[in-house]
Every structure is written in C-alpha cells, then in structure tokens.
Amino acid sequence: MNFHMNLMFILPAFTFALLLLLCLYVHNRRLDRNTRKVYPPAGEYVEAERIRLHFTSKGTGRPIVFLHGGILSSYDFSNVVSEAASRGFRAIAFDRPGYGYSERPKTEWVTPHVQARLLKEALRKLGARQPILVGHSWSASLVLAYMLDYPGELAGAVLVAPGAYGGKAYPAGAIDLFLGRLLRVPFLGSLAAHTVLPPLARKLTSTMLQSTFSPDKVPDGYQKIANALWSRPSQLRANREDILAFAQTIPAMEQHYSRIQTPTVIVCGEKDPFRPDLHAYRLHREISHSRLIVLPDTGHMIPALRPAAVVDAVELLIREMEDSLHVK
C-alpha cells in the first residue's frame, strides 16, 4: 500500500520536472537562435586544429591581437580595435574558444595552455607573425601561457587588469568551482547548461556587471548584449570551465613568471575591485623588466571604458622595444 501511495506522489512530480526541463530547454534554444539573429557574427572565421574561431579585424600594419576576459566576447574590444586601426595597426580581436561565435574543443581539458596553442595556430594561418598580444582579465593567463610555452614568438605583451595568481588572489568561490565541475559531467552538465542555468545567469547578469564595471557605470547597451550572449549554454559552459581551469592551472604557471623575457606592459585600474595589488603589482615585481601603468579612477573593464588607454599602452611597449634595440 505504502509503495503504491509513494508512487502516486512520485510519478506526478517526476512528470512535472521533466515537463519543466523540456520547457526550459525549448525556451533557451529559442533565445539562442534569436540572439544569433539580433547579434550575428560580425567578423570572419579561421580554423585551428579543426576548431572554428571567430575574429574581427581592422587596419593594416603590425599585428595587435586582443583577447577578452570572462564576460562577453571580442565585443569588449570593439572600440579598442577601431582605435588601434586608426593609429596604423592591424587590430585582430578573437572570440575565445566557446565564447561569442567560436567553437570549443570537446575532447580535451581547455586550459590557458590549450587556448594559447589554438591561438598560435590561428595566427599562423592569418599570417600574423611576431604579434603583440593584449590580454584582459582572465586572458592574461592565456598570454602568460603563450609567453612561457612559445618564448621568442611574440614581439610583446600588454596585460590589462590581469588575473595572474590563484589561491586567495583569485575571487572564484566554491559555487564557481562546483559549477565548473558540474558542467564537465557527461549529459548532466549539458542538461544543466541548456535548462536551469541560462535563466539563473540572466537573473544575475545585472549584479555581476555592476560589480565588474565598478566604480564606473555599465555602458548603455552593454547590459542588453551581455544578457543575450553570456547566458547562452555554450558560453556559460566555457566561462565556468575557464574558471575551474584557471584555478587548477595557474598555481603551476606562476612558479615561472620570473623567467619571462618577452617585453611586457601591465595596465590596471586604481579602483579595480579585483585587487590589483594581488595580481598586477605582484606580476610587475616578478616580470622585472615589465612596465606598470596604473589608471586613476578606473575599475576593471578597461577595454570597454578606456579604449584609448589600451592602445596607448601598446604604443608605449613599441617605443620601449625600439629604444631597447637602439641601445643594443
């Protein structure tokens, strides 16, 4: 009797849960398709190890490659790309693997080292030799991995509001790491990414952006495109995996920063809520030849808010590289 009574309660609940997941799946798929119509790919594609990477580019001259952080896509560097092109550079901004309209490897753990390897192949195919890499926030780890893995293949690097150290310096909490592990579980991770997580992400986007842009205001229009792109299943998964990969990879990487020889400029905001004293300042000390620029009254989202300052840092790097050659 008890078994039959329990079954009478369990079956309706199970059916309701399945219907809810199905509705969420269909709804999120519809929003994803709509996002592609409203915000279609704005650039081109290059294939690296059978992975299609989306990028935008403007201008001609020395190649400067811009790599976004963990929120959005190459969109973060839209104004920077235009500014760099106007100053005579070949500006290239990538959607990192899984973000925007770039694919992401499915058969390996996508660490900063893996993303550096894919980027290297993509740049080779684009004929961008001896580029300057500009990495914002999370992408500083990608640029640092590139400098460590392929020494001598970059002309220089600019690290903007860099995330460079793990442990207590990295703000990811237990929930962030749990979600990263959950999304790697076969079937269950995909189910969560396509059903319950997108609406949660949309609900949290406003708070996340306010804290990330602080003390500045979120620019007009950024909230809308972030709601659309950041909550897509593929991007949610990439973001959570990147957080976990950073936490697992950086402790080994940071042991070797002092041997980096690539010309480097580090840029941070004076009022960055993500503790530049634990990242940018420390990294400047460890890469002893680096130049540190601290922007007054500026927070974390420097590419979106201070595009000219990013290109100024690139030009400073080039001047110092040229001065170094003259001294030699």
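**Notes on the sheet, its helices and the salt bridges**

1. The count for this structure comes to 17 salt bridges. Keep in mind while reading that this is a predicted model. A few of the salt bridges are picked out further down, after a look at the sheet and the helices around it.

2. Start with the sheet. It is an open one of 8 strands, with mixed pairing, and the strand order is 1-2-4-3-5-6-7-8. At the edges you'll find strand 1 (44-48) and strand 8 (291-295); each has a single partner strand, so one side of each is left without a neighbour in the sheet. On average, neighbouring strands of this sheet are turned by 25° against each other, direction ignored.

3. For a look inside the sheet, try strand 3 (residues 63-67) and strand 5 (residues 132-136). These two run parallel and are joined by 4 bridges. If you want a residue pair to click on, Val65 has Leu133 in strand 5 as its bridge partner.

4. Now helix 4 (residues 139-149). Of its 11 residues, 10 are buried, so this helix is largely enclosed by the rest of the structure. The buried set is Ser139, Ala140, Ser141, Leu142, Val143, Leu144, Ala145, Tyr146, Met147 and Leu148. As for what helix 4 lies across, that would be strand 3, strand 5, strand 6 (156-160) and strand 7 (264-269), and helix 4 runs at about 145° to strand 5.

5. Helix 3 (residues 112-125) also lies on the sheet. It lies across strand 1, strand 2 (51-58), strand 3, strand 4 (90-94) and strand 5, and it runs at about 120° to strand 1.

6. Helix 3 has a helix partner too. It packs with helix 9 (residues 233-253) at an angle of about 95°, with the two axes 9 Å apart. Helix 3 and helix 9 are therefore roughly perpendicular to each other. On the helix 3 side, the contact uses Pro112, His113 and Gln115, and these meet Asp242, Ala245, Thr249 and Met253 of helix 9. By type, the residues of this contact divide into 3 nonpolar, 3 polar and 1 charged.

7. Back to the salt bridges. Side chains of opposite charge can pair when their charged atoms come close. One case is Glu241 with Arg104, whose side chains meet at 3.0 Å, N to O. This pair links distant parts of the chain: Glu241 sits in helix 9, Arg104 in the loop between strand 4 and helix 3, and they are 137 residues apart. Are the two partners buried or exposed? Glu241 is buried, at a relative accessible area of 9%, and Arg104 is buried as well, at 12%.

8. Two other salt bridges are worth a look. Glu108 and Arg117 meet through their side chains at 2.6 Å, N to O. Glu108 is partly exposed, with a relative accessible area of 31%, and Arg117 is partly exposed at 27%. Then there's Arg87 with Glu83, a salt bridge at 2.8 Å, N to O. Arg87 counts as partly exposed at 26% relative accessible area, and Glu83 as partly exposed at 25%.

9. Finally, which residues form a network through salt bridges that share partners? Arg96, Arg104, Arg237, Glu241 and Asp242 are joined into one network this way. Two of these names have come up together already: Glu241 and Arg104 are the pair that meets at 3.0 Å. Asp242 also appears in the contact of helix 9 with helix 3.

Methods. Residues are numbered from 1 along each chain as its sequence is written. This is a predicted model: local features need pLDDT of at least 70, side-chain atom pairs count only at pLDDT 80 or more; totals for chains, interfaces and linings use all residues. Side-chain values use heavy atoms; hydrogens and water are left out. Buried means under 20% relative accessible area, exposed over 50%, partly exposed in between (1.4 Å probe, protein chains only). Two strands pair if DSSP finds at least two bridges between them. Axes are lines fitted to C-alpha atoms, for helices over the stretch in contact, and angles run from 0 to 180 degrees between N-to-C directions. Contact means heavy atoms within 4.5 Å. Angles under 35 degrees count as roughly parallel, over 145 as roughly antiparallel, 65 to 115 as roughly perpendicular and the rest as oblique. Ala, Val, Leu, Ile, Met, Phe, Trp, Tyr, Cys and Pro count as nonpolar, Asp, Glu, Lys and Arg as charged, and the others, Gly among them, as polar. A salt bridge is a side-chain nitrogen of Lys or Arg within 4 Å of a carboxyl oxygen of Asp or Glu.
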